[in-house]
Amino acid sequence: MKKKHLQRLDLIFKNEHDTEAILEKTFKRSNDDVINDLISSGLKGRGGAGFPTGLKWKLASEEETEVKYVICNADEGEPGTFKDREILSSVPHKVLAGMAVCARIIGAKKGFIYLRGEYLFLKPQLLEAIDKFHSLLDEMKVDFRVEIFLGSGAYICGEESALFESMEGKRGEPRNKPPFPTAQGYKDKPTVINNVETLAHTYSIFKYGPEKFRDLGIQDSRGSKVFSVSGDTPVPGIYELEFGMSLQKFVDDFADGDAKAVQVGGASGFCVPRKRFDKTVIGYQGKLRGTSLPTGGSMMIFNSSRSMYNVLHNYLDFFVEESCGQCTPCRVGTQQLLLGVEAVKKGEQPSSYLDKLMDLAEAMRITAKCGLGQSVANSFSSIVENFKEEMIY
Ligand SMILES: Cc1cc2nc3c(=O)[nH]c(=O)nc-3n(C[C@H](O)[C@H](O)[C@H](O)COP(=O)(O)O)c2cc1C
Ligand code: SF4
């Protein structure tokens, strides 16, 4: 029987240039209608947390403040993620159109693209796209301007409130929440912050209607998703696929035939061992709780030649380096986890010490201030639990 491959989609990367028509059509409609379309499409944020995009825009639109902002989060710091770079390179006008519609709905006149420092090379072509877009807005008499803000390469500055702090010229440290950005974001004004891919999806929804998007995917995970595929694969790259696929299908299509694990969602995501490939679905947790795994797009494949101890060590090194140090559970916890796994590997601590380290990681999930410290347990516990024999002396 012929093997059925996952369908490659091109909603986002399709070379369409009807920004003017889409803006005209969308601006003629009421804000409520546009927001309802977004809500009924089922679009959820593609930056990782999966907050419903229509609801985010609605909350910001309800704030009664004169000054509001739209920010495109292009910090893309999660290890193994490189899809936003490609979206901004090939279809920046779709992202800009999404920002302009959002601005119109919430009542913002100013937008920013927070561009990852390492993507400096993208700046000239993005500025060109923005100039062209501004000319179109001028013709349409739309009062909205977009600027680029260049980050400095800190992973934590992808976290929305640390990003605002960094834009305000302060240390990139997360704020307490609430208040949430839709009420108090950049400069304490109501702000919609969306991932690059989220904004690009809104273009397709405005163009083709919410049904086409909703028809793709499953239950709580609708539409398509852009994946960055790396590691032990003969075909590394960027792929737009239907959300809600089984991990087994993904491995059948993308791995080299010897995959022993897939890290879904980067260093802050989960490691799935071979025995669970067919029980795991890629999507947000909803009715499928327990079997579905969300991802901002990073899919790292490891074959049997890889040491999962080295993989975990690498992630912990990353977290120690990138923790902003503001709260004790994360600042001290990341270091202790790294020292702990090294001690077990060298035989200086018994294998039972790994259980204590897992308790520490779980304590960090509950007590750390932001998503960085809270998610260290995801990769830590899933790697230690599934590959314990590789962690010990
Ligand atoms: C440590 C950390 C890093 C993050 N980095 C990014 C990032 O690089 N890009 C991104 O879009 N979201 C990132 N996020 C999520 C943002 O805080 C925020 O949820 C997102 O930009 C919202 O957009 P969305 O609703 O379109 O997903 C990060 C979160 C955390 C905790
Ligand atoms: S969890 Fe880590 S990154 Fe987040 S505020 Fe605390 S120290 Fe900073």
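This passage describes a strand, a helix and the surroundings of a ligand in a predicted model. Residues are numbered from 1 along each chain as its sequence is written, and chains are lettered from A and ligands numbered from 1 in the order in which they are written. Local features need pLDDT of at least 70 and side-chain atom pairs count only at pLDDT 80 or more, whereas totals for chains, interfaces and linings use all residues; side-chain values use heavy atoms, with hydrogens and water left out.

In strand S13 (residues 298–303; strands are DSSP runs of E of at least two residues, helices runs of H or I of at least four, numbered from the N terminus), six of six residues are buried, that is, under 20% relative accessible area with a 1.4 Å probe and protein chains only. Ser298, Met300 and Phe302 lie on one side of S13, and Met299, Ile301 and Asn303 on the other. Strand S7 (residues 224–231) pairs with S13 in the parallel sense over four bridges, pairing requiring at least two DSSP bridges, while strand S9 (residues 259–264) runs antiparallel to S13, joined by five bridges.

In helix H3 (residues 53–61), the residues Thr53, Gly54, Lys56, Trp57 and Ala60 are buried. Because they cover an arc of only 160° around the axis, they fall on the same side of H3, the arc being that of the directions from the helix axis to the C-beta atoms.

Lys56 also approaches ligand 1, with an N or O atom of its side chain 2.9 Å from a ligand oxygen atom, and a polar side-chain atom of Asn195 lies 2.8 Å from an oxygen atom of ligand 1.

Definitions and conventions:
Buried means under 20% relative accessible area, exposed over 50%, partly exposed in between (1.4 Å probe, protein chains only). A polar contact is a pair of N or O atoms within 3.5 Å; within protein, one must be able to donate a hydrogen and the other to accept it, and residues adjacent in sequence count only if both atoms are side-chain atoms.
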